[in-house]
Amino acid sequence: MNTMIIAENVVKSFGQGTERRNVLDGVSVDIAAGDFVAIMGPSGSGKSTLLFALSGMDAVDGGRVVFDGVDLSQLSDDALADVRRRRMGFVFQQPTLLRNLSVLDNIILPSMRDGRKRARQIREKARILMETTGIAELEARDVTQASGGQLQRVGICRALMSDPAVIFGDEPTGALNSTASNEIMALLADIHRSGTTIVLVTHDPKVATRAERVLFILDGRITGEHLAGAHDASREDLRVREGALSGWLTEMGI
Amino acid sequence: MYLRAIRNDVLRSKAISITTMLFVAAAAMLVALAATLVVNLSGAIDALMQRAQTPHFMQMHVGDLDRARLDAFAEAHASVADHQVLEFLNIDGAQFVFGSRSLAGSVQDNGLTVQSESFDFLLDLDGEVISVKDGEIYVPLTYLQDGSARIGERATVAGHTMTVAGPLRDSQMQPLLSSSKRFLVSHDDFEAIRPSGRVEYLIEFRLHDLAALSAFETAYTNAGLEANGPTLTYPLFRTVNGLADGLMIAVLLLVSALVIAIAFLCIRFTLLAKIEDDYREIGVMKAIGLRVSDIKRIYLAQYAALAAVGGLVGYALSFLFQGALLENIRLYLGESANASLAPVLGLVGVALVFVAIVAYVNGVLGRFRKVAPADAIRFGNAPKASPGRRRLRLTMNGLLGTNAFLGLQDVLARRNLYATMLVVLVLAAFIIIVPRNLHHTIASESFVSYMGVGDVDLRIDVTQAEDAAARVAEVATAIGNDADVARFVVLTTKAYRASLDDGSEGRITAELGDHSMFPITYASGRAPSSDDEIALSVMQASDLGKGVGDVLSLTIAGRERALTVSGTYSDVTNGGKTAKATFADETAEPMRSVIGAELTDPALLDAKAAEYAARFEFAKVSDLDEFIQQTYGSTIGAIGVASYAAIGVAVATTVLITLLFMRMLVAKDRHAIAVMKAFGFTNSDIRAQYLARSAFVLVIGILVGTLLANTLGEALAGAVIASFGANSFAFVVDPAFAYLWSPLLMLLATLIATVAGTWDAGRIRVAENLRE
Ligand SMILES: Nc1ncnc2c1ncn2[C@@H]1O[C@H](COP(=O)(O)OP(=O)(O)OP(=O)(O)O)[C@@H](O)[C@H]1O
Ligand SMILES: [Mg+2]
């Protein structure tokens, strides 16, 4: 399997003078194409920071991140933007949608940036995605008129528009109840099955259960890794995986 | 805790707070200055006219004078307190020589007079009645100011030598707009020069009570006393004395109104932005049980402090500039009797600005009522006014780029916020275009037609004299035979009795001749075209209570004739009460005649003017441009300077407000910008979106501003012009400026400010704004 993201000894620090400390303190990790990685760890351990570093959204202070063979630190702001727009998708805890735009327009916004000539195809694609994610009826609605779970699906549709190689998620289910959370995770699992790499941050073992690989991060270092392997998403399989994961988490000190 | 959060917020938006304060200070300063000027101007005029004992009624007259009859008339009228006849010895400008310079180029009627004994005194700069010694000549202040004469210099008037002893203040004839200027000499010197000049009588009355003036005027007219020159009255003197500075005050008030408007807009948009920003906090405060009035007070206190500091700074600044603006008033009119009132009134003006601001802030804060705690906490920002309403669709948009679309979308979605910037741009366009149009109009040649003077090249005035008719004929023949004269017209002014509706009689001076050759601009109606029509000056018409279409009865050649009023026009000449008609009448004595001529080649103007001036010494020959230049030149110049200053102010305001506005938007939009960047929009995309927002607002702003400037601005400028005496008014628009340079200038200013103001957007880090 070819490697999609390589992080080598990544350091990221915040603060000034004596206050300055390494939030990421020499993180190295390889993520293969088609992987489903969950990043876990206590609050403030550096999960979000790592995600931003891996996706090139934030510059690192030491080490390097290579995406698809390209060292992200060598790219300009605009080149990074292009990479994000064409190769990556993002789903955040909050919907991060633009209030001024309708649901449909929010979804197609990044694609319209370069694809105005293909507006019709783009719109069609968005409709199909909304159909598959179960929010077809929201198309013309305002983003303020949808539920949290629905908005998260809107975010996923937007992330999928560019057929990204990888989807990054930072607590994508963090603001949802367990039913909605399950639905979203099932959706992400489907997306993964279709070949998309997924990297997501979560503190919820139920969510991490869907991943094939779980990284544990503590004080800016990766302190453990749990390989769950591929799964068939049956209830039975999930229960078994959950048991194994929670055993490992206890080991990690949770 | 929340209270502290909001306080910190105000401190954080320092730039915006300081700008708001600056505008408040500027507004307060202008209002204080205007108040100070009004008090000083009116006070100084009153003081001057008080000390000079300005006549309440003055009739100019040339020719025979029956003093006994005048005395008897004054005796018979209880309202008369005092009366006198002064002599004004009219002398050709060329005969006044100071050092080696003469007044030959002056369009004023210059003349000598002696100090009056009972009233209408000529004063020195201390406001004292001048007592003049033999060999001394006191010179109107203007001539000392413009360097025509200097104190201590040798003055030769018609060959008689004296020394310039000092300046004089003349409560009647001081302003350039009044066409005569009095020099003060001793009795002996006056008598020595008398043979070289032509005596004009100033028949003057003081009344016990000014309220009796109009009754007195009627009585004087009906008595058929000497009256072949203009009639001037106390209120008119007062107006003319205040005109130049009054204009300055009017401009100041106009500018302060605009600055106040901008200060309000600043406050409005910072407040709206803050309410949007603090939406969640406000919701939380409401949720935990604070009352709207409690929350309001927190915000109100900030703005009250801002307004108070700004107001006081502005008030203090007003003292700094007061001196310069009052200089003119102090010099020409003297100290005001109630000058001590000025600082108080200034403070009252500033207080009014303060109260207005606080009331306004309070009104805007009323929006707090609309904050629903549930929404505020759930979404953290204000829900849209009407969700799901008609809206632009990204996909339906084939014309605009995605960035332009997003810009437009944002402008439409946050109309309230952008309306503020729009109004600033409209005001700026207004401030740029109106003064410029005003200047262009006043400076244009046709403008003089608004003031009762046709657009001729050369103008020859022959005033009343024994053989006036013969002299006019002589000039007319010479002009008629001159191959360089394209066409000319002779207009002769004669006086007629008019029977008024109330049964009394009035006196009308009508200018007879062909009024179609060098037409003036009519406020209403048109020029008289047949023998039974008459046009009235606006002042005359309102005096008679007549309008277009009304009938007026005149006694012409001993016969009563009904004339229809064909039109009204503005006039600033001869006291402003005039009429124009075409009927022929050989019986009435002419008061004065004007020969207007147009030359085949305007380049000959100077030569021709000199030629006729030399040939007809009894006539006053002026070329019209010179006449305008001398009478209005300084005003036109001042308005020119003001118009450029206005452009500077407007452009600076546009840049400043746009800059602040964009910075504020970027700060507010951090999250949205981060979202877009996260999904692959580049910094130049973001900048393009902001440029699009500015451009949309700008386009509307320029359109509306230009439109308003040419309609409302025209009306406003018309009001200013009306104070010159011109009542009908239309802009002569400088199209290249109004439709090309002004929009380009604003475009440039706005776009530069937008780019500068949104530069920070590039520095917004996605990671910091989207971190969970
Ligand atoms: N811009 C910043 N400036 C200073 N410190 C920061 C900044 N961003 C993050 N930190 C610090 O870095 C540490 C890691 O932050 P990060 O957001 O990665 O944590 P996290 O693991 O995602 O926590 P959570 O589960 O609460 O989201 C925290 O201690 C945080 O305070
Ligand atoms: Mg986090």
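**Exercise 1. Determine which residue follows helix α1 of chain A and what sign its phi has, and decide whether the residues of this helix are buried or exposed.**

Step 1. Helix α1(A) is followed by Gly56(A), and the phi of Gly56(A) is positive, near 70°. Helices here are DSSP runs of H or I with at least four residues, strands are runs of E with at least two, and both are numbered from the N terminus. The model is a predicted one, in which local features need pLDDT of at least 70 and side-chain atom pairs count only at pLDDT 80 or more, whereas totals for chains, interfaces and linings use all residues. Residues are numbered from 1 along each chain as its sequence is written, chains are lettered from A and ligands numbered from 1 in the order in which they are written, and side-chain values use heavy atoms, with hydrogens and water left out.

Step 2. Buried means under 20% relative accessible area, exposed means over 50%, and partly exposed lies in between, with a 1.4 Å probe and protein chains only. By this criterion Lys47(A), Ser48(A), Thr49(A), Leu50(A), Leu51(A), Phe52(A), Ala53(A) and Leu54(A) are buried.

Step 3. Because eight of the eight residues of α1(A), residues 47-54, are buried, the helix is largely enclosed by the rest of the structure.

**Exercise 2. Describe what surrounds ligand 1, and state which element gives the most to its shell.**

Step 1. Ligand 1 lies between chains A and B. A residue is near a molecule if one of its heavy atoms lies within 4 Å of it, and 14 residues surround the ligand, the closest being Arg21(A), Ser43(A), Lys47(A), Ser48(A) and Thr49(A).

Step 2. Strand β2 (21-32) and helix α1 of chain A each supply at least two residues of this shell, and α1(A) gives the most, with three residues.

Step 3. The shell divides into three nonpolar, six polar and five charged residues, where Ala, Val, Leu, Ile, Met, Phe, Trp, Tyr, Cys and Pro count as nonpolar, Asp, Glu, Lys and Arg as charged, and the others, Gly among them, as polar.

Step 4. Oxygen atoms of ligand 1 are found 2.4 Å from a polar side-chain atom of Ser43(A), 2.8 Å from an N or O atom in the side chain of Ser48(A), and 2.5 Å from an N or O atom in the side chain of Thr49(A). The protein covers 70% of the 630 Å² of accessible area that ligand 1 has on its own, as given by the Shrake-Rupley method with a 1.4 Å probe.

**Exercise 3. Find how many cavities of 30 Å³ or more the structure holds, and identify what lines the largest cavity.**

Step 1. A cavity is a set of points, on a 1 Å grid over the protein atoms alone, where a 1.4 Å probe fits but cannot get out, and its lining residues have an atom within 4 Å of a point. The structure holds three cavities of 30 Å³ or more.

Step 2. The largest cavity contains about 60 Å³ of space, and its lining includes Arg84(A), Arg158(A), Met161(A) and, from chain B, Phe679(B). By class, this lining has five nonpolar, three polar and three charged residues.

Step 3. At least two lining residues each come from α2 (77-87), β6 (88-91), α3 (103-112) and α5 (148-160) of chain A.

Step 4. The second largest cavity holds about 50 Å³ of space, and among the residues that line it are Pro140(B), Asp170(B) and Arg182(B).

**Exercise 4. Decide whether Asp35(A) is buried or exposed, and do likewise for Asp232(A).**

Step 1. Asp35(A), found in the loop between β2 and β3 (36-40) of chain A, counts as buried because its relative accessibility is 11%. Its side chain makes a polar contact with the side chain of Arg213(A) at 3.0 Å, a polar contact being a pair of N or O atoms within 3.5 Å of which, within protein, one must be able to donate a hydrogen and the other to accept it, while residues adjacent in sequence count only if both atoms are side-chain atoms.

Step 2. Asp232(A), in the loop between β10 (221-227) and α8 (235-252) of chain A, has a relative accessible area of 54% and is therefore exposed. The C-alpha atoms of Asp232(A) and Ala189(A) are 9.8 Å apart, with their positions 43 residues apart in sequence counted as separation.

Methods. 1 Å grid on protein atoms, 1.4 Å probe; cavity = no way out; pocket = protein on both sides within 12 Å on 5 of 7 lines; lining within 4 Å. Points joined across faces, edges and corners; volume = space filled by probe spheres on them.
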